[in-house]
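Got your viewer open? Let's take a walk through this structure together, one selection at a time.

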Amino acid sequence: MFMIMNLSSPVLAFFITIVAVFLVIRFLAKTSVLHILAGCWRSFEDKFYVYQIFKVPQFNDLFLENQLYRKVSTYLASLPAIEDSDFTNLFSGSKANDIILHLDKNQEIHDSFLGARVRWSNERYCEGNGKRTLVLRLRKKDKRRVLRPYLQHILSVADQVEQKSKEIKLFMNLKRNPYENGRWRSVPFTHPATMDTMIMDGDLKNKVKADLELFLKSKQYYHRLGHVWKRSYLLYGASGTGKSSFVAAMARFLNFDVYDINISKVSDDSDLKMLLLQTTSRSMIVIEDFDRFLMNEKSRDVSLSGVLNFMDGIVSCCGEERVMVFTMNCKDQIDQAVLRPGRVDVHIQFPSCNFSAFKSLANNYLGVKEHKLFSQVEDILHYGGSSLSPAEMGEIMISNRNSPSRALKSVISALQSQINSGDLRGPGKVDQRMTANRSARSSRDETGESGGVFSQESSVHAVREFKTLYGLWRMGSRRKESMDLSSPAEKEDSQKAA
């Protein structure tokens, strides 16, 4: 027994030593001892290297703000290492619930780039006025290899951070006033529309998103072609089909400021050019109801040539990464010189509400994915020729949102009222519709469609025309069931008339 205890005593002593070392390390980890030792080691290591020091002052000699100081501050605030610094200042951001971290004075933050370690510190360089400078310490042997690429990396990351966090603004032009400087006034852009909330064809939406994303990445491509880095869109369709909401969704998708130009407040061609010159890069320039302006030649102060120069003239190159958006109710009567590629690159049609859009509206507004009344709505939309705009259908659903059945019956009644009144395409106009569809199809075959057009227009084939006639006959057999939604007085009047 004694021999066994003797043999095990070295093992026991080793085990006790390991436990003791672990407890000591755990204790030191909870105190500042390890932090002090690590700092001492870094100071000792620094004695063996030669460092190059670069300062980024907050203001220059003319007391103008140094934009590089702002970029570096934004970059440092985005680093995860800032949370590990000795002191960090917390500030509220421009958006709700945003917390921004900033390096405290005389504290350091470590960063690495291309295998090189760098250090930043925030120091005061002018006592008494609070002016500060950011100091970069870089090993001299790494300077030629790292410095310029590292600064370009800082600028790129800072631009991305600022673009994501910036508050979008809506700018509106004022009438020319000799006593005021600047023509634009801005307010926060709070429109809630996004690409996800837009009710439109899914493939079309994905095409537009892909086109916008490709545009954002195409700076070098446009420059190689010798083209101005801009893109222009035409949104056309009847009132209430979602054009303005789509403009807001595009702005939020791009995170661009919006410059909404009211041409009635533009005095002449040169004034229109000055408005464009006072816009910024990475912005959307919007002119709504553009067809009304172009068709009303007598009352406008801006000439057609002035508009064309605004769209793609020399002045349009003063600024990059711009998106121009024009909205119209109808483009058929517009001079094709205005709509040619280069002035308008992408055409997007916003049609009246079809059955697919109706189901999306019912899901969003009423929380209904399927309902027994859907078949009646589908018959009317497909075969009856009646249609409402998404805004009109949405308003009916909002007014009756507490009762989905009542909302759907109200939609059916509104669609049937169109058929009975002949406001839109009623049953008596089937032949006219077929003739118009055939002529439109033949004209498209002769002229061709532009490759840059994202349109929801579909060709009408003979089978579809036959289904239209068959659907009208089918609706006639179901008309009595549909008209049960009318009031008793209306039923009695119709029986007397019969």
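Before you click on anything, here is a term for the first stop: a salt bridge is a side-chain nitrogen of Lys or Arg within 4 Å of a carboxyl oxygen of Asp or Glu. Keep in mind, too, that what you see is a predicted model.

**Stop 1: a salt bridge between two helices**

Select Lys71 and Asp159. They form a salt bridge, and their closest N and O atoms are 2.4 Å apart, which is inside the 4 Å limit. Now colour helix H3 (residues 67-78) and helix H4 (residues 143-165): Lys71 lies in H3 and Asp159 in H4, so this pair ties together parts that are 88 residues apart in sequence.

Buried or exposed: which word fits Lys71? Lys71 counts as buried because its relative accessibility is 15%, and the cut-off for buried is under 20%. Asp159 has 38%, so it counts as partly exposed.

Keep Lys71 selected and add Glu162. These two form a salt bridge as well, with 3.3 Å between the closest N and O atoms. Here too the pair links distant parts of the chain, with Glu162 in helix H4 and Lys71 in helix H3, 91 residues apart.

**Stop 2: a helix and a strand**

Next, pick Asp211 and Arg231. The closest N and O atoms of this salt bridge are 2.9 Å apart. Asp211 sits in helix H5 and Arg231 in strand S9, so the pair ties together parts that are 20 residues apart in sequence. Asp211 is buried, at 11% relative accessibility, and Arg231 is buried as well, at 19%.

Now go back to the first stop and add Arg70 to your selection. Arg70, Lys71, Asp159 and Glu162 make up one network, joined by salt bridges that share partners. The count of salt bridges comes to 9.

**Stop 3: the largest nonpolar core**

Time to look inside. Select Phe246, Met250, Met284, Val323, Val325 and Ile348: these are the residues with the most contacts inside the largest nonpolar core, which has 31 residues. Which helices and strands each supply at least two residues of this core? Colour helix H5 (202-216), strand S9 (230-236), helix H7 (243-254), strand S11 (283-287), strand S12 (322-328) and strand S13 (346-349) to see them. H7 gives the largest share, 7 residues.

Zoom in on Phe246. Leaving aside its neighbours within four places in sequence, its contacts are Met195, Met198, Met200, Val208, Leu235, Ile348 and Phe350. Then switch your selection to Phe171, Leu308, Val338 and Val344, which are among the 29 residues of a second, separate core.

**Stop 4: a threonine in a strand**

Find Thr327 in strand S12. Thr327 is buried, with a relative accessible area of just 2%. What does Thr327 touch, not counting residues up to four places away in sequence? Light up Leu235, Lys243, Val247, Ile287, Glu288, Asp289, Phe290 and Asp291.

**Stop 5: cysteines**

Now try Cys330 and Cys353. Cys330 is partly exposed, at 36% relative accessibility, whereas Cys353 is buried, at 2%. A disulfide is a covalent bond between the sulfur atoms of two cysteines. How many disulfides does a search of the whole structure find? The result is 0.

**Stop 6: aromatic rings**

A pair of aromatic rings is described by the distance of the centres and the angle of the planes. Select Tyr221 and Tyr222: their ring centres are 6.3 Å apart and their planes are at 85°, so the pair is edge-to-face. Tyr221 is partly exposed, with 45% relative accessible area, while Tyr222 is buried, at 13%. Add Phe215 and Trp229, and you have a cluster of four residues linked by ring pairs.

Move on to Phe358 and Phe374. This aromatic pair is edge-to-face too, at 5.3 Å centre to centre with 70° between the planes. Phe358 lies in helix H12 (residues 355-366) and Phe374 in helix H13 (residues 374-384), so the pair ties together parts that are 16 residues apart in sequence. Both Phe358 and Phe374 are buried. The whole structure has 13 aromatic pairs.

**Last stop: zoom out**

Show the full chain. You are looking at 18 helices and 14 strands. The chain has 498 residues, and 37% of them count as buried. Its accessible surface is about 29,600 Å², with 55% of that belonging to carbon and sulfur atoms.

Conventions
Residues are numbered from 1 along each chain as its sequence is written. This is a predicted model: local features need pLDDT of at least 70, side-chain atom pairs count only at pLDDT 80 or more; totals for chains, interfaces and linings use all residues. Side-chain values use heavy atoms; hydrogens and water are left out. Helices (H or I, at least four residues) and strands (E, at least two) are DSSP runs, numbered from the N terminus. Buried means under 20% relative accessible area, exposed over 50%, partly exposed in between (1.4 Å probe, protein chains only). Accessible areas come from the Shrake-Rupley method with a 1.4 Å probe; for residues, only the protein chains shown count as cover. A nonpolar core is a set of buried Ala, Val, Leu, Ile, Met, Phe, Trp, Tyr and Cys residues joined through side-chain atoms within 4.5 Å. Contact means heavy atoms within 4.5 Å. A disulfide is a pair of cysteine sulfur atoms within 2.5 Å. Rings of Phe, Tyr and Trp (its six-membered ring) pair if their centres lie within 6.5 Å; planes under 30 degrees apart count as stacked, over 60 as edge-to-face and the rest as tilted.
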